[in-house]
Structure formats: C-alpha cells, structure tokens
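Here's a walk through one model, stopping at a handful of spots worth finding on your screen. Keep the viewer open as you read.

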There are 2 protein chains.
Amino acid sequence: MDSRTGLPVVGMVGGGRLVRMTHQAAIALGQSLRVLVPAADDCAALVAADVHVGDRTDLATLRAFAEDCDVVTFGDERVPVEHVRSLAVEGVTVLPGAGTLRYAQDKRAMRERLTVLGIPLAERVPPDRELAALVARSPFGQVAAYPVVRTVRGGTVPGDEVLAPAPGLDAGLAVEAQRLAIELASALDVVGLLAVEFVEASNGVLVNDLVVGPHDSGHWTIEGSRTSQFEQHLRAVLDYPLGDTSLTASAVATASVPSGRQHGMSVDERLHHLFADDPGVKVHLYGTGGTIGHVTVLGEDMPAVRARAARAAVRLAGVEH
Amino acid sequence: MDSRTGLPVVGMVGGGRLVRMTHQAAIALGQSLRVLVPAADDCAALVAADVHVGDRTDLATLRAFAEDCDVVTFGDERVPVEHVRSLAVEGVTVLPGAGTLRYAQDKRAMRERLTVLGIPLAERVPPDRELAALVARSPFGQVAAYPVVRTVRGGTVPGDEVLAPAPGLDAGLAVEAQRLAIELASALDVVGLLAVEFVEASNGVLVNDLVVGPHDSGHWTIEGSRTSQFEQHLRAVLDYPLGDTSLTASAVATASVPSGRQHGMSVDERLHHLFADDPGVKVHLYGTGGTIGHVTVLGEDMPAVRARAARAAVRLAGVEH
C-alpha cells in the first residue's frame with residue numbers, strides 16, 4: 001500500500017511503449033506505476049517517477065523491484081518463468097502467474113495445449129485475413145471482451161493498421177473469436193489481458209498466436225473504447241471490477257509509425273504538419289527507436305477513417321507519398 | 001530540445017491536479033513534462049520523471065527550472081508577474097506572458113480592462129446560472145473554442161458538477177459566450193487556455209471571472225472532447241496547430257470529489273464499489289488533499305448521465321446517501 005495515496009502499489013516489469021502507456025492510464029486511477037526498465041532513457045522511464053533500472057532476467061533485480069509492491073505484472077512477457085515462480089513462492093503477487101507466462105513464451109507448449117483443448121490452429125497466415133480478439137480477466141474470473149479487430153500488415157501505410165470493429169467480418173465469426181479468446185483466458189488462468197491472433201478461414205477462425213498483457217492490436221482502445229486496454233489491465237491485476245468495453249465511435253482505425261524511414265523534417269516539424277492537416281487525429285509518440293508511435297482516427301465510416309489514419313501515419317513517418 | 005526525443009522541452013510551474021493531468025496528456029505527444037512542484041510528494045511529482053522541487057515565487061528557482069526549457073508555462077497562475085517579466089527579458093519563452101498573467105492575478109485590473117473593452121460584468125453570482133467558456137489560443141492567434149458548459153455548485157453531490165454542453169442554454173447565448181471568450185483571449189494576448197466564467201442573465205451573459213491555463217471546468221474534455229484541454233494547452237504553447245474540440249458524446253457530466261468527508265472505507269475499497277456499480281464511469285484520482293478526484297460519464301441523455309456521475313461521486317467521496 002502506498003501511504004501517500006492509500007492505494008496498492010503496482011510494479012510493471014519491462015520498458016517500452018506498452019509500459020509507457022500503462023503508466024499514462026495508471027495516473028487516472030491514482031496510481032504511480034513502478035517500472036523496471038532496461039535503461040534510464042527507456043521511453044517509459046522518461047515519463048514515470050518510480051523507476052528501477054535493471055535486468056528483468058536477474059532474480060535479485062526482480063526481487064528488489066517487487067519489494068513493497070502489492071502486485072507485479074508485465075509489459076514484457078520475456079521474464080524467466082522460473083523467476084516468476086520463485087517470486088510467487090516468496091509471497092509476491094505476480095499476475096499473470098508462471099503457469100500462464102509459460103504458454104506465452106513457449107509457442108510449442110502453447111500449440112500443444114491448444115490442441116489438447118480442441119482449439120483450431122492456423123497452419124499459415126494469409127495476408128488480409130488476420131483478426132485479433134482482446135479479453136481481460138480478473139483473479140476471480142470476471143471476463144470483459146473487446147470487439148474483434150482486423151489487423152493489416154504491409155498495406156499502403158509504412159506500419160501495421162488495426163481496424164475496429166473488424167470490417168466485413170461475419171457476425172458469427174466475431175462471436176466465435178470472442179468465445180475462443182474467453183475460453184483460452186480461462187483455460188490458461190490469465191489475469192490481465194490476453195490478445196488472441198486469429199486467421200479468418202472460410203469455415204471459421206483459427207488461432208495463430210497469443211500474447212498476455214497489453215498488445216499493439218489494442219491501442220485503438222485508448223480513444224475508441226470506453227475503457228482502454230491499459231486501464232483494463234490495471235483493473236484486472238488490481239482486482240477491480242472490469243470496465244465497459246463499448247466502442248466510442250462506429251469506426252476506429254490506428255496505424256503504427258515505424259522509425260528509420262524518416263528523412264528531412266524532424267519529428268517536431270512532422271507533428272506540426274500532421275496537426276495542421278487533420279485536427280482530429282490522435283497521436284501517441286513513444287520515442288525514437290523501433291516504432292516511434294501510432295495514430296488513431298474515429299468516425300462513422302471505416303473507409304474514410306482508415307484513409308485519414310493512413311495519411312497521418314505517412315506524414316508522421318516522414319515518408320514521401 | 002530534448003536530445004532523447006527530438007522534441008521541445010516544456011516546463012510547467014506549479015504542482016497539483018492540473019499539472020498531473022497535463023503530464024498525462026504530454027505523454028501522448030512524446031513529451032516528458034518538466035514540473036516545478038512545492039513538495040516532493042505533490043500529486044504531479046508522484047507521476048513525472050523530470051521533477052524540480054522549489055518555491056515558484058523565488059526568481060532563482062524559476063531561472064534554474066527554466067534552463068534548457070524551450071517553453072515555460074503554468075499550471076498555477078500565482079507566479080509573481082515581475083519574475084515572469086524577468087525571465088522573458090533573459091530570453092526564456094514564457095507562455096502566457098506577464099501581460100496576460102497580470103489580469104488573471106489582479107481581479108481589479110481585470111475588471112477595469114473588461115470595462116474598457118465594453119464587456120458586461122456580473123455584479124453577483126446567482127446559483128444555477130453559472131456557465132463557463134473555454135478557449136485555446138496559439139502564439140499566432142489561432143483560436144479553438146469548446147462547447148459552453150454549465151457549472152453547478154452546491155447541488156446534490158458533495159463537489160462541483162460540470163455539464164457539457166450546457167443543458168437548456170439558448171443557442172444564441174452560447175454563441176455570445178464563445179464570442180466574448182475569443183475576444184478576451186485576443187485582447188489579453190492569451191497563449192494556451194483561457195476559461196471565462198459567465199453568469200447567465202435574462203438579457204445576455206455577464207463575465208464573472210477568468211482563469212488562464214487548464215481549469216477544473218474543462219476536465220470533461222479528457223473523454224468528452226476529441227482534444228482534451230490539457231493536450232490543447234500543450235499544443236498551444238508548443239505552437240502546434242490546435243486540435244478538434246468536438247464533443248465525443250451528446251451529453252457529458254463530471255463531478256468533483258472533495259476530500260475530508262470520507263469515513264469507513266479506504267479509497268481503494270470505494271473504487272471497487274464504484275466500478276462494480278457502473279463499469280462505464282471514468283475516474284480520475286489525484287491524491288489525498290483538497291479535491292481527491294473527479295468522475296466523468298458520457299451518454300445520450302443529460303439527466304441520466306448527470307445522475308450516474310452524481311452517484312459515482314457520492315460513492316467515491318464515501319458519503320452516506
């Protein structure tokens with residue numbers, strides 16, 4: 001318990017954009033997220049007050065980080081499962097637990113487990129047929145499911161697109177994807193978020209991969225859902241009742257902005273031009289490495305919303321078009 | 001310029017909830033807000049990385065804080081005007097400037113200036129007739145106006161309510177309030193936000209007070225407008241084109257939650273009950289002193305939305321009802 005706020009202390013292992021945006025959501029809940037980042041200039045460390053710099057694969061580092069935390073969770077699932085198990089034995093509340101993390105890390109074990117559960121697996125991933133279903137689950141098994149989204153890689157924009165709700169998706173398949181994601185969250189004893197990636201086939205949806213914790217395919221929820229994935233993850237690990245997952249608009253599109261292709265203008269100059277071009281685009285910038293940010297557009301008509309998001313992403317990436 | 005992000009450095013003077021929520025908005029813009037707070041346990045200091053603790057009325061403290069800042073702005077307008085003038089002379093970009101701050105601080109000078117401008121002033125503030133108009137203005141004079149809201153003090157909830165758009169307000173009066181706020185922002189050379197408090201009279205709107213910078217009457221914009229007041233203030237002082245001020249729902253209600261009346265349950269327990277009662281309420285918690293937070297509800301029907309916000313505020317305040 002944080003004596004300054006009267007609220008539980010949440011520690012999140014792993015830096016980067018997912019932790020940065022979780023901290024942003026934590027502020028509204030009265031929280032001051034404690035973060036364990038690999039370097040002092042990590043984009044999460046640049047915006048948080050309670051920062052530990054250290055190696056997430058070192059048990060002593062994790063143990064020191066977890067001290068005084070009421071719950072420890074993950075923005076990066078690549079934490080040794082045996083360390084998570086050790087912390088739990090020592091009395092640390094770690095959510096999700098080692099049993100869940102194992103399946104997120106070991107794809108072979110995950111696929112074997114899904115086969116035992118009778119859940120259909122995808123043999124390959126055809127372009128333009130990718131879907132994702134995001135669900136949150138609390139320690140006592142309350143589950144909240146977000147609308148199923150379509151993810152598009154290698155389209156006309158430099159990064160990935162996410163379209164919510166998935167345009168052109170058969171309503172029965174959407175329900176089936178949500179049902180499978182909920183079933184998986186229960187079967188794997190997930191606490192927090194579970195993102196399940198599907199391939200849309202002619203006769204149903206096939207599971208391609210699963211990720212525990214906040215996921216890039218859920219960034220649209222910041223403005224596009226009544227409860228963002230980041231707030232939802234915190235509510236789940238804090239054992240608060242989960243929030244409303246309703247859409248706030250008929251159509252929501254996000255596009256990620258990769259780094260490394262910029263030329264000419266600085267990020268600051270590109271922001272000027274983007275904001276002048278479309279005052280309704282929402283921008284989320286994380287830093288200078290890998291993916292530098294994403295953009296989100298909300299509206300009534302998916303083709304128009306998607307086009308605006310793509311245009312904004314191209315402007316922010318500094319790519320000629 | 002922050003070499004880690006390639007973006008300008010914004011410094012904000014003054015701690016508390018307004019600075020805390022501005023930092024939250026700054027994260028999305030790639031910023032890491034530098035804050036000057038009165039104490040290390042200030043609620044803004046608990047969530048930000050670049051924290052200076054010091055006295056905002058001391059020129060040497062302000063000077064050290066402003067070093068390397070591309071722009072300095074205010075979450076608390078009670079900074080000596082002569083210090084702001086000194087910093088500007090020394091080459092610091094301070095927005096809004098001393099000329100504007102003077103009128104925000106000196107109510108007599110403000111009323112004299114408004115009289116010269118021919119703007120009608122209120123002699124007293126009758127209950128249930130209070131309105132507020134929020135506008136943002138950029139250094140080059142671009143102005144964005146938010147829908148006019150109704151503020152209710154001493155209603156059925158423990159704190160203040162803000163209803164957006166103002167229910168029952170004559171459309172002509174709403175336009176007149178926005179027009180006067182825009183005129184005032186230009187006349188006082190405001191950069192950033194200006195909140196103008198009005199009294200609704202039978203023959204028009206009368207100015208009661210004005211506040212520069214983010215304001216409690218604008219908290220509804222976090223979820224209720226396409227661009228929050230906090231992001232808008234940053235866009236203005238960074239000289240970015242201003243964002244879309246459209247409503248995201250037909251009716252938005254906020255209620256503030258004062259401290260000091262709680263008994264029995266902890267804040268954490270009250271949060272549990274609130275979230276269980278209404279999964280769609282948005283909560284913003286700041287800390288333990290003064291006003292501990294606010295709640296926001298969005299929907300189609302103002303009476304229903306207002307009732308939900310009031311119910312949530314009562315639950316969060318821990319008041320029997």
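## Where the chains meet

Let's start with Gln24(B), which sits in helix H1 of chain B, the run covering residues 17-28. Keep in mind that this is a predicted model. Is Gln24(B) buried or exposed? It counts as buried, since its relative accessibility is 12% and the cut-off for buried is under 20%.

What does Gln24(B) touch, once you skip residues up to four places away in sequence? Its contacts are Gln24(A), Ile27(A) and Ala28(A) from chain A, plus His284(B) from chain B.

## Chain A as a whole

Zooming out, chain A is built from 10 helices and 13 strands. Its radius of gyration is 19 Å, and the globule rule gives 20 Å for 321 residues, so chain A is as compact as a globular protein of that length. If you lay the C-alpha trace along its principal axes, the spans are about 55 × 45 × 30 Å.

How much of chain A is buried? Of its 321 residues, 61% count as buried. Take the contacts in chain A with a separation of 6 or more: 61% of them are between residues 24 or more positions apart. The accessible surface of chain A is about 11600 Å², and carbon and sulfur atoms hold 50% of that.

## Two helices that cross

Two packed helices are described by the angle between their axes and the distance between the axes. In chain A, try helix H1 (residues 17-28) against helix H8 (residues 229-237): the angle is about 75° and the axes are 8 Å apart. That puts H1(A) roughly perpendicular to H8(A), because angles of 65 to 115 degrees get that label. On the H1(A) side, the contact uses Leu18(A), Met21(A), Thr22(A), Ala25(A) and Ala26(A), while H8(A) supplies Phe230(A), Glu231(A) and Leu234(A). Sorted by class, that contact of H1(A) with H8(A) comes to six nonpolar residues, one polar and one charged.

H8(A) is mostly covered, with nine of its nine residues buried. The buried set includes Gln229(A), Glu231(A), Gln232(A), His233(A) and Arg235(A), along with Phe230(A) and Leu234(A).

## Just past H8(A)

Follow the chain out of H8(A) and you come to Asp239(A), in the loop between H8 and strand S11 (251-258) of chain A. Most residues other than glycine have a negative phi, and most peptide bonds are trans. Asp239(A) goes the other way on phi, with a positive value of about 60° although it is not a glycine. Its relative accessibility is 26%, so Asp239(A) counts as partly exposed.

Chain B has a positive phi to show you as well. Asp68(B), in the loop between helix H2 (59-66) and S4 of chain B, has a phi near 75° and is not a glycine. At 57% relative accessibility, Asp68(B) counts as exposed.

## A cis bond at the end of a strand

Now find Ala164(A) in strand S8 (residues 161-164) of chain A. What kind of peptide bond joins Ala164(A) and Pro165(A)? It's cis, with omega about -10°. Pro165(A) itself belongs to the loop between S8 and helix H6 (171-187) of chain A.

Ala164(A) is buried, at 0% relative accessible area. Leaving out residues up to four places away in sequence, Ala164(A) touches Val149(A), Trp220(A), Leu247(A), Ser250(A), Ala251(A), Val252(A) and Met302(A). Ala251(A) is 87 residues from Ala164(A) along the chain, yet their C-alpha atoms are separated by 6.0 Å.

## Helix H4 in both chains

In chain B, the peptide bond from Leu95(B) to Pro96(B) is also cis, with omega near -5°, and Pro96(B) lies in the loop between H3 and H4. Which residues of H4(B) (residues 98-105) are buried? They are Ala98(B), Thr100(B), Leu101(B), Tyr103(B) and Ala104(B). Those buried residues pack against strand S4 (71-74), helix H3 (81-89), helix H5 (107-116) and strand S10 (204-212) of chain B.

Over in chain A, Thr100(A) sits in helix H4 (residues 98-105). Thr100(A) counts as buried, at 3% relative accessibility. Neighbours within four places in sequence aside, Thr100(A) is in contact with Leu188(A), Asp189(A), Val190(A) and Val212(A).

Terms used: Residues are numbered from 1 along each chain as its sequence is written. Chains are lettered from A and ligands numbered from 1 in the order in which they are written. This is a predicted model: local features need pLDDT of at least 70, side-chain atom pairs count only at pLDDT 80 or more; totals for chains, interfaces and linings use all residues. Side-chain values use heavy atoms; hydrogens and water are left out. Axes are lines fitted to C-alpha atoms, for helices over the stretch in contact, and angles run from 0 to 180 degrees between N-to-C directions. Helices (H or I, at least four residues) and strands (E, at least two) are DSSP runs, numbered from the N terminus. Angles under 35 degrees count as roughly parallel, over 145 as roughly antiparallel, 65 to 115 as roughly perpendicular and the rest as oblique. Contact means heavy atoms within 4.5 Å. Ala, Val, Leu, Ile, Met, Phe, Trp, Tyr, Cys and Pro count as nonpolar, Asp, Glu, Lys and Arg as charged, and the others, Gly among them, as polar. The radius of gyration is taken over C-alpha atoms; the globule rule is 2.2 Å times the number of residues to the power 0.38. Buried means under 20% relative accessible area, exposed over 50%, partly exposed in between (1.4 Å probe, protein chains only). Accessible areas come from the Shrake-Rupley method with a 1.4 Å probe; for residues, only the protein chains shown count as cover.
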